[in-house]
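Hi,

Here is the structure I said I would pass on. Have a look at it first, and then read my notes below.

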Amino acid sequence: MTVKIRLARFGCKHRPFYRVVAADEKSRRDGKQIEVLGFYDPLIGKDEDAQRISLKFDRIKYWLSVGAQPTDTVENMLFRAGLIPPKSMVVMKNGQQNQHVSPITGEILN
């Protein structure tokens, strides 16, 4: 059983509201969840980040430590919250091998 940290949609039509959940990767988007880890409300203004997003940091750290994989959207949220480092970028120069580059400093990581 692979666990994913992903968004589950709630709310009405044209009024989305999302929960950040830990769920089995084979379950449906709004289906069975293992644990609710926070929420995200995209309709609240960007200035009010405290009300727009709320995460349970200790539980997210636990799920990441036992091997749960965040989706790309959740991974961006966790990066902005400071829970995970950014992904390294892969750069290919003039037919050379792929090189991993830090997105922050631009240094080659190999």
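Let me start with Lys61, which is exposed at a relative accessible area of 51%. Keep in mind that this is a predicted model. Lys61 sits in helix α2, and its C-alpha is 9.2 Å from that of Ile84, although the two are 23 residues apart in sequence.

On to the sheet, which helps in placing the rest. It is an open one with five strands in the order β4-β3-β2-β1-β5, and the pairing is mixed. At the edges are β4 (53–55) and β5 (69–70), each of which pairs on one side only. Helix α2 packs on this sheet and touches β1, β2, β3, β4 and β5, with its direction at about 125 degrees to that of β3. Helix α3 also lies across β1, β2, β3, β4 and β5, and runs at about 95 degrees to β1.

Strand by strand, the pairing goes like this. β1 and β2 are antiparallel and share 10 bridges, with Lys4 standing opposite Ala23 of β2. β2 and β3 also run antiparallel, joined by five bridges; here Val20 stands opposite Gly38 of β3. β1 and β5, on the other hand, pair in the parallel sense over two bridges, and Ile5 has Pro70 in β5 as its bridge partner.

The turn between β1 and β2 deserves a look on your screen. These two strands form a hairpin with two residues between them. One residue in that turn, His14, has a positive phi of about 65 degrees without being a glycine. His14 is also exposed, at 68% relative accessibility.

What about the nonpolar core? The largest one has 15 residues, and those with the most contacts inside it are Ile5, Val20, Leu37, Ile60, Trp63, Val74 and Leu78. The elements giving two or more residues to this core are β1 (3–12), β2 (15–24), α2 (57–65) and α3 (72–81). Two names from the strand pairing, Ile5 and Val20, come back here. Both of them are touched by Val74, which also contacts Arg6 and Leu7, leaving aside residues up to four places away in sequence.

Now the charges. How many salt bridges does the structure hold? Just one: the side chains of Arg59 and Glu35 meet at 2.8 Å, N to O. Arg59 belongs to helix α2 and Glu35 to strand β3, so the pair ties together parts that are 24 residues apart in sequence. As for exposure, Arg59 is partly exposed with a relative accessible area of 29%, whereas Glu35 counts as buried at 18%.

Last, have a look at Asp41, which is in the loop between β3 (35–40) and α1 (49–52). Asp41 is buried yet has no salt bridge. Which side chain of opposite charge is nearest to Asp41, and how far away is it? That is Arg15, at 5.9 Å, and the cut-off for a salt bridge is 4 Å between a side-chain nitrogen of Lys or Arg and a carboxyl oxygen of Asp or Glu. Leaving out residues up to four places away in sequence, Asp41 touches Pro16, Phe17 and Arg52.

That is what I have so far. Write back if you would like to go through any of it together.

Cheers

Conventions: Residues numbered from 1 in each chain as written. Predicted model: local features only at pLDDT ≥ 70, side-chain atom pairs only at ≥ 80, totals over all residues. Heavy atoms only, no water. Helix = DSSP H or I, 4+ residues; strand = E, 2+ residues; numbered from the N terminus. Buried < 20%, exposed > 50% of the residue type's maximum accessible area, 1.4 Å probe, protein only. Lys, Arg positive; Asp, Glu negative; His and termini not counted. Contact = heavy atoms within 4.5 Å. Core = buried A, V, L, I, M, F, W, Y, C linked by side-chain atoms within 4.5 Å. Pairing = 2+ DSSP bridges. Axes fitted to C-alpha atoms, helices over the stretch in contact; angles between N-to-C directions.
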